[in-house]
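Please look over the two chains shown below. The report that follows walks through their fold, their contacts and a few individual residues.

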Amino acid sequence: MIEFSYRKEYSPVLGEIYRPSAEVILKHNDKIVLFYPYIDSGADITLIPRSLGEMLGLELTDEIVELGGLGDNKVPVLIKKIEIKIGRYLIPIHVAWALIEEIPLLFLAEKTFSQGF
Amino acid sequence: MASKNYEWYTQADLHKYRGEWVAIASQRVAAHGFNAKKVLEEARKKYPKENPALAKVPQEDILVL
């Protein structure tokens with residue numbers, strides 16, 4: 001079972017709030033990046049920015065698709081397969097590698113790895 | 001078991017970095033900016049013996065997750 005921590009933050013609208021986050025290793029071949037995403041139970045896939053994908057050695061191949069979410073903005077992405085290490089589990093997942101740098105948030109889609117259990 | 005850097009991160013006040021990437025090492029913000037790769041590379045240079053972690057600080061006050 002994986003348990004998540006909560007990051008204490010402050011919102012001028014809601015006051016003190018707690019957002020679920022995790023300590024995760026992203027791995028692709030011999031490249032690794034340690035990161036602390038928020039956990040998003042509603043997301044279909046994890047979105048990573050262009051430079052993070054470059055650090056993982058992802059290649060600009062495959063078909064570009066557009067992802068939508070909140071609002072009218074769509075993000076061009078490539079769907080790539082990498083591994084994540086969360087806790088003691090190493091799990092293969094698909095990520096949406098954005099072809100832009102400006103993505104709103106770094107989150108881990110809970111659905112994509114919880115199915116591995 | 002969570003690392004010390006992650007435990008520090010869960011309690012850290014990062015509001016002055018809103019909208020930016022931050023790299024965490026030695027229980028502090030080691031680097032920050034708008035390009036994740038540059039931020040992490042800068043942190044790795046400053047703390048070569050550590051494995052800095054990357055995080056993005058939300059721009060918005062309210063998130064729908």
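Is Lys80(A) buried or exposed? Lys80(A) is buried, and its relative accessible area is 9%. This value, like every other here, comes from a predicted model.

**A salt bridge across chain A**

Lys80(A) has a charged partner. Its side chain meets that of Asp62(A) in a salt bridge, with N and O 2.8 Å apart. Lys80(A) lies in strand β8 (residues 74-86) of chain A, while Asp62(A) sits in the loop between α1 (50-55) and β7 (65-68) of chain A, so the pair ties together parts that are 18 residues apart in sequence. Asp62(A), in contrast to buried Lys80(A), counts as exposed at 55% relative accessibility. Side chains of opposite charge can pair when their charged atoms come close.

**The fold of chain A**

Chain A holds two helices and 10 strands. Along the sequence, the pattern reads β-β-β-β-β-β-α-β-β-β-β-α. Chain A has 117 residues, and 46% of them are buried. Take the contacts in chain A between residues at least 6 apart in sequence: 50% of these join residues at least 24 apart.

The strands β1 (residues 5-11) and β2 (residues 15-21) of chain A run antiparallel, joined by seven bridges. Three residues lie between β1(A) and β2(A), and the two strands form a hairpin. Within this pairing, Glu9(A) has Ile17(A) of β2(A) as its bridge partner.

Glu9(A) also takes part in a salt bridge. Its partner is Arg7(A), and their closest N and O atoms are 2.7 Å apart. Glu9(A) and Arg7(A) are both buried.

**Salt bridges over the model**

How many salt bridges are counted over all chains? The count is six. Three of them are listed here.

| Pair | Closest N to O distance |
|---|---|
| Glu9(A) and Arg7(A) | 2.7 Å |
| Lys80(A) and Asp62(A) | 2.8 Å |
| Glu42(B) and Lys46(B) | 3.2 Å |

The pair in chain B belongs to one helix. Glu42(B) and Lys46(B) both lie in α2 of chain B, four residues apart, or about one turn of the helix. Glu42(B) is partly exposed, at 35% relative accessibility. Lys46(B) is partly exposed as well, with a relative accessible area of 47%. Back in chain A, salt bridges with shared partners link Arg7(A), Glu9(A) and Arg19(A) into one network.

**Where the chains meet**

What area is buried between chain B and chain A? The value is about 2700 Å², and carbon and sulfur atoms give 59% of it. Chain B contributes 29 residues to the contact, and chain A contributes 34 residues.

The count of salt bridges between chain B and chain A is zero. Polar contacts do cross the interface: 13 residue pairs are found, with both residues at pLDDT 80 or more. On the side of chain B that touches chain A, four elements give two or more residues: α1 (4-11), β1 (21-25), α2 (36-46) and β3 (53-56) of chain B. Of these, α1(B) gives the most, with five residues. That side of chain B divides into 18 nonpolar, six polar and five charged residues.

Strands pair across the interface too. Strand β4 (residues 31-35) of chain A runs parallel to β3(B), with two bridges between them. Leu34(A) has Ala53(B) as its bridge partner in β3(B).

Thr10(B) gives a view of the contact from one residue. Thr10(B) lies in helix α1 of chain B. Its relative accessible area is 8%, and it is buried. Neighbours within four places in sequence aside, Thr10(B) is in contact with Ser5(A), Tyr6(A), Arg7(A), Lys8(A) and Ser21(A). One of these, Arg7(A), is the salt-bridge partner of Glu9(A).

**A loop with positive phi angles**

Most residues other than glycine have a negative phi. In chain B, Ser26(B) has a positive phi of about 50 degrees, although it is not a glycine. Gln27(B) also has a positive phi, near 55 degrees. Where are they? Ser26(B) is placed in the loop between β1 and β2 (28-33) of chain B. Gln27(B) is found in the loop between β1 and β2 of chain B. Ser26(B) counts as partly exposed, at 28% relative accessibility. Gln27(B) is partly exposed, with a relative accessible area of 40%.

Notes
Residues numbered from 1 in each chain as written. Chains lettered and ligands numbered in written order. Predicted model: local features only at pLDDT ≥ 70, side-chain atom pairs only at ≥ 80, totals over all residues. Heavy atoms only, no water. Contact = heavy atoms within 4.5 Å. Buried area = accessible area lost by both parts, 1.4 Å probe. Salt bridge = Lys/Arg side-chain N within 4 Å of Asp/Glu carboxyl O. Polar contact = N/O pair within 3.5 Å; in protein donor to acceptor, adjacent residues only side chain to side chain. Nonpolar A, V, L, I, M, F, W, Y, C, P; charged D, E, K, R; others polar. Pairing = 2+ DSSP bridges. Buried < 20%, exposed > 50% of the residue type's maximum accessible area, 1.4 Å probe, protein only.
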